[in-house]
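Colleague: I am new to this model and would like a close look at one part of it. Please take one packed element and tell me what it meets and how.

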Amino acid sequence: MKLCRLIILSVMLFLFGLTAPAYAKITVTVAHTHVETHPQHKAFLVFKNYIENEIGDRYEIQIYPNGLAGSNEQVFSLVKLNSIQFMAISASLLENSSKQYAIFSVPYLFRSEEIYELFIRDPEVIAELQAQEKRKFFRPLSAFTAGTRNFYASFPIRTVDDLKDRNFRVQIGRNTGLMMEAFGANDYVMSFKDVYPALKKGVVDGAENNELALVDQRHGEICKYYSYDGHQMIPDMLIGSEEFLSSLSPEDYAVFQAAAMEAQRVEIREWKSRVKKAIKQAEEMGVSFIKVDSESFRKKVLHLHNSLLSDNPAIRKLYVITLKYQ
């Protein structure tokens, strides 16, 4: 009788093991505005795979590309509410929330893209940015490159004087406005989607961005001259919801942080590959690429550094970190 009971109990435990519901995974949402071939999407795939390979029994990562979750501004609001957990957003758009991100729009802060990449990979930089963000409901985990911002126009720009009295679309930000004023140029702030019609109608003479804008946004159809002055290098920050990240165990948080650093490595690699292709495509469109004396441009605005540091103490520590790479 005792043996029969043991057999029945064993069978019941076996059946319960087959039918008992497993713990539900936590769904983690990532949203961005780019197409699936963009370097950032490829980076987020690496982010997803890294986490699911390490702790996939507890988390499922869902990625929404192509602006399916809304504009960057809309997604940013949702990240702060923890309705979406992760996104990549330009540091220039974060300036309104956190003044330290203005460091990236300081003109001619980096003398080369290699120096800029060393800076955004520096753990001390991310630690400094993280230290000030908890009260802002989001936390940066790493930075993606968005290349170098250069001037392009319907006319050749070979010297800084070629900018004088010309109209250029620029990103929003006080630092950029002061830079354009120092150049004697007129700055126009408008939505990125409005740049192409503005160029076509002659509302602006040119714009400033990386090489991808020439082909992805078709700006190269109108602007046939792209000049490498390298005035700004502004990353897209991979940020997460502070509410979500604070809920993680130290072990799980370490996995998410490591995934963000791996995503950064892949994004930088993929970005360089995409830029090479964009240059070839732009050349086929008839765009000429001009190497300029960037130091002559830099000298025009170098006096702004001290005043920007004085006006915005939040960037001072990050500025000091840049000096070790100069």
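Modeller: Take helix 7, whose crossing with helix 13 is right-handed (the near helix is turned clockwise from the far one by less than a right angle). Helices here are DSSP runs of H or I with at least four residues, strands are E runs of at least two, and both are numbered from the N terminus. The model is predicted, so local features need pLDDT of at least 70 and side-chain atom pairs pLDDT 80 or more, while totals for chains, interfaces and linings use all residues. Residues are numbered from 1 along each chain as its sequence is written, and side-chain values use heavy atoms, without hydrogens or water.

Helix 7 covers residues 174-183 and helix 13 residues 304-311; their axes come within 12 Å and cross at roughly 155 degrees (lines fitted to C-alpha atoms over the stretch in contact, with angles from 0 to 180 degrees between N-to-C directions). The two helices are therefore roughly antiparallel (over 145 degrees). Helix 7 brings Arg174, Asn175, Leu178 and Met179 to this contact, and helix 13 brings Leu304, Leu308 and Asp311 (heavy atoms within 4.5 Å). Sorted by class, the contact holds four nonpolar residues, one polar and two charged (Ala, Val, Leu, Ile, Met, Phe, Trp, Tyr, Cys and Pro are nonpolar; Asp, Glu, Lys and Arg charged; the others polar).

Helix 7 also packs against helix 12, with axes that come within 9 Å and cross at roughly 105 degrees. This pair is therefore roughly perpendicular (65 to 115 degrees). Here Met179, Ala182 and Phe183 of helix 7 meet Phe297, Lys300 and Val301 of helix 12. Five residues of this contact are nonpolar, none is polar and one is charged. Met179 thus appears in the contact with helix 13 and in that with helix 12.

Helix 12 leads on to the second largest pocket, which holds about 560 Å³ of space (an open set of 1 Å grid points for a 1.4 Å probe, with protein on both sides within 12 Å along at least five of seven lines, and lining atoms within 4 Å of a point; the volume is the space filled by probe spheres on points joined across faces, edges and corners). The lining has 25 residues, with Ser112, Glu113, Thr148, Tyr228 and Met233 closest to the centre. Helix 12 (294-301) gives two or more of the lining residues, as do helix 5 (113-121), strand 9 (225-232) and helix 11. The most come from helix 11, with five. By class, the lining has eight nonpolar, six polar and 11 charged residues.

Technical notes:
Angles under 35 degrees count as roughly parallel, over 145 as roughly antiparallel, 65 to 115 as roughly perpendicular and the rest as oblique.
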